Amino acid sequence: MHIKDIKLTHYRNYEKLDLTFDHQVNVIIGENAQGKTNLMEAIYVLAFSKSYRTSKDKELINWDENYARIEGTVHKRARQFPLEMQFSAKGKKAKLNHLEQQRLSDYIGALNVVMFAPEDLNLVKGSPQIRRRFIDMEIGQIQPIYIYHLGQYQKIVKQRNHLLKQLQRRKTSDETMLDVLTDQLVEHARVIIAKRFIFLELLREAATGIHEGISQHSETLSIQYSTPLDVLESDSEEKIGKCLHETFKDNREKEIDRGSTLFGPHRDDLLFYVNDRDVQTYGSQGQQRTTALSLKLAEIELIKREVGEYPVLLLDDVLSELDRHRQSHLLDTIQGKVQTFVSTTSVSDIKHQTIEQAALFNVTSGTITKQK
Amino acid sequence: MYYPEPISKLIDSFTKLPGIGPKTAVRLAFFVLNMKEDDVLDFAKALVNAKRELTHCSTCGHITDQDPCSICSDGTRDESVICVVQDPKDVIAMEKMREFNGRYHVLHGTISPMDGIGPEDINVPPLIDRLKDEKVNELILATNPNVEGEATAMYISRLVKPSGIKISRIASGLPMGGDLEYADEVTLSKAMEGRREL
């Protein structure tokens, strides 16, 4: 799949923009604060109907204007169709094939995008929260119902934590409600954990091969689900549920004492091992980056498996963060398969065939010109 | 101040109603000025009477002008079945159905530790007392199908279970007359979960 062209109106620092893209690699070159990331963001918004940089849609509208529009033509499965996102004070409109979609879930997924930004390099060494978000976002893209379970789960955790605090401070002694919330929690937690296990198997399948490739067969990546619960990845949903129930029963005093829910998917983590050594603690920076890169490339493969076509890849200022070897592996992988948008301050230090053949765009303060 | 005091007070009062913003409040207030005096008096009386004469039924908690309410005092209704709902509006909705001939119990809210609302803050203890006295043998839990409504239903069922009273939870799933293809994933999966043998 690829994006044929894009039109921006009053979007961030772009007054009006009309670009036609190459179906392979497009390099956006410009100094800082000229609008490189804004263009990347616009493509992301066209796919997901919201930005990854802000939760306030209003910020997407040019300061002096009252609406913003992104239009794009997408080529997917030998068909071509237009997408349109419009933002104004009244809210947002998502149009697929000129038809407004009432439910955003009907719109999202028409265009598949994978984004790789510098902060993704923190996937391995960053906080567990980043890894949980990674896995949750991925499963959510493939199975919308996962998002529902996750939302309900988070709500119940919040309720349960409040109750545990009340029990801790002896404001209430009613433990029946704790039983009720525990039952509710387990109902969703077991689905979330089971779905994570299934996804992990797919991720492993894709990522280990890629990692071997990048490291030229010197490193073997393995991924583990880290949880204090006594569960195996082969366990059924029922068995996971049983284990959760027992854990909560055994730790009731402890949870009341701490006033917080101590077990469940919101406390679990992913562990990465390279040659059987924990990368997060013992890995070099290079190994951590290779692992992050393998996971992102695996994501592309997983979407290909699910959708039948490669997604569009956005590399926002990330190529310069990788050494030459990883750069060329990344570019080798996408070559001829994945439409890629690369943003960078300079193209001269990237020596690769794909970049030499790429379409180059220069950005200066809100205008973009195509290099001949 | 652009308005004389009497009208600005009226505007203020209208803004207190749900769904009425400042502009609508101004429009309503000026409309009242042009109404016949008798109509305005009737309107005012209706407001005051609704507040003064309506109380909550001491048995079921439903809004009523006489205690016990017309449903609780209706001898033809089945007193062995109680339907538990969140809100007086839910009783009205159920009554429109004209299928249910039992009695009600209105909780006036749901249990939510997050908001500091425990079982004793809503109409739960009176329900338990009621079950002790009356000859009830079935309890239908009809709270809303969201996290808090579900939790409240589960809580009541745990309290009541030991007494041996039959407890049921209303079903959730597809709306009647609807199309399967328009249902969202969550509703569909609930409908699959709650499927029954034919």
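**Exercise 1. The domains of chain B**

Find how far apart the centres of domain 1 and domain 2 of chain B lie, taken over C-alpha atoms.

*Solution.* Begin with the bounds: in this predicted model, the domain assignment gives chain B a domain 1 covering 5-53 and a domain 2 made of 77-180 + 185-191. Taking the centres over C-alpha atoms, one finds that 36 Å separate domain 1 of chain B from domain 2 of chain B. Next, place the database annotations on the chain: UniProt, in an unreviewed entry, lists "zinc finger region: C4-type" for residues 57-72 of chain B, and "domain: Toprim", also from an unreviewed entry, for residues 80-175 of chain B. The end C-alpha atoms of residues 57-72 of chain B are 8 Å apart, and this span is 0% helix and 12% strand. For residues 80-175 of chain B, the end C-alpha atoms lie 29 Å apart, with 35% of the span in helix and 18% in strand.

**Exercise 2. A sheet in chain B**

Work out in which order the 4 strands of the open sheet in chain B stand, and whether their pairing is parallel or antiparallel.

*Solution.* Reading across the sheet, the order is β4-β3-β5-β6 of chain B, and the pairing is parallel. The edges are β4 (103-106) and β6 (166-169) of chain B, each of which pairs on one side only. Neighbouring strands of this sheet are turned by 25 degrees against each other on average, if direction is ignored. Now look at one pair in detail: strand β3 (residues 81-85) of chain B is joined to β4(B) by 4 bridges, and B:C83 has B:Y104 in β4(B) as its bridge partner. Finally, add the helices: helix α4 (residues 88-97) of chain B lies across β3 and β4 of chain B and runs at about 155 degrees to β4(B), while helix α5 (residues 124-133) of chain B packs on the sheet, touching β3, β4 and β5 (138-141) of chain B, at about 150 degrees to the direction of β4(B).

**Exercise 3. The domains of chain A**

Determine how many residues of domain 1 of chain A are in contact with domain 2 of chain A.

*Solution.* The assignment for chain A gives a domain 1 of 1-112 + 311-372 and a domain 2 of 124-308. Their centres, taken over C-alpha atoms, are separated by 31 Å. Counting contacts, 17 residues of domain 1 of chain A touch 16 residues of domain 2 of chain A. The UniProt annotation "domain: RecF/RecN/SMC N-terminal", from an unreviewed entry, covers residues 2-348 of chain A, a span that is 45% helix and 23% strand, with its end C-alpha atoms 26 Å apart.

**Exercise 4. A sheet in chain A and its helices**

Identify which helices of chain A pack on the sheet by touching β9 and β10 of chain A.

*Solution.* First establish the sheet: 3 strands of chain A form an open, antiparallel sheet in the order β9-β10-β11. Its edge strands are β9 (221-226) and β11 (277-278) of chain A. Between β9(A) and strand β10 (residues 269-274) of chain A there are 6 bridges, and A:L221 stands opposite A:V274 in β10(A). Helix α5 (residues 176-214) of chain A packs on this sheet, touching β9 and β10 of chain A, and its direction makes about 165 degrees with that of β9(A). Helix α9 (residues 285-307) of chain A also touches β9 and β10 of chain A, and its direction makes about 115 degrees with that of β10(A).

**Exercise 5. One residue and one helix**

Decide whether A:T344 is buried or exposed, and explain why.

*Solution.* Locate the residue: A:T344 belongs to strand β13 (residues 340-344) of chain A. Since buried means under 20% relative accessible area, A:T344 counts as buried because its relative accessibility is 4%. Beyond its neighbours within four places in sequence, A:T344 is in contact with residues including A:V27, A:K36, A:D317 and A:I350. In addition, the side chain of A:T344 reaches the backbone oxygen of A:S346 at 3.0 Å.

As a last step, turn to helix α10 (residues 324-334) of chain A, whose buried residues include A:R326, A:H329 and A:L330. Among the elements that cover the buried residues of α10(A) are β3 (25-30), β12 (312-316) and β13 of chain A. After α10(A) comes A:G336, which has a positive phi near 75 degrees.

Notes
Residues are numbered from 1 along each chain as its sequence is written. Chains are lettered from A and ligands numbered from 1 in the order in which they are written. This is a predicted model: local features need pLDDT of at least 70, side-chain atom pairs count only at pLDDT 80 or more; totals for chains, interfaces and linings use all residues. Side-chain values use heavy atoms; hydrogens and water are left out. UniProt positions are given in the numbering used here, feature names are shortened, and annotations may be inferred rather than shown by experiment. Helices (H or I, at least four residues) and strands (E, at least two) are DSSP runs, numbered from the N terminus. Buried means under 20% relative accessible area, exposed over 50%, partly exposed in between (1.4 Å probe, protein chains only). A polar contact is a pair of N or O atoms within 3.5 Å; within protein, one must be able to donate a hydrogen and the other to accept it, and residues adjacent in sequence count only if both atoms are side-chain atoms. Contact means heavy atoms within 4.5 Å. Two strands pair if DSSP finds at least two bridges between them. Axes are lines fitted to C-alpha atoms, for helices over the stretch in contact, and angles run from 0 to 180 degrees between N-to-C directions. Domain bounds come from an automatic or database domain assignment.
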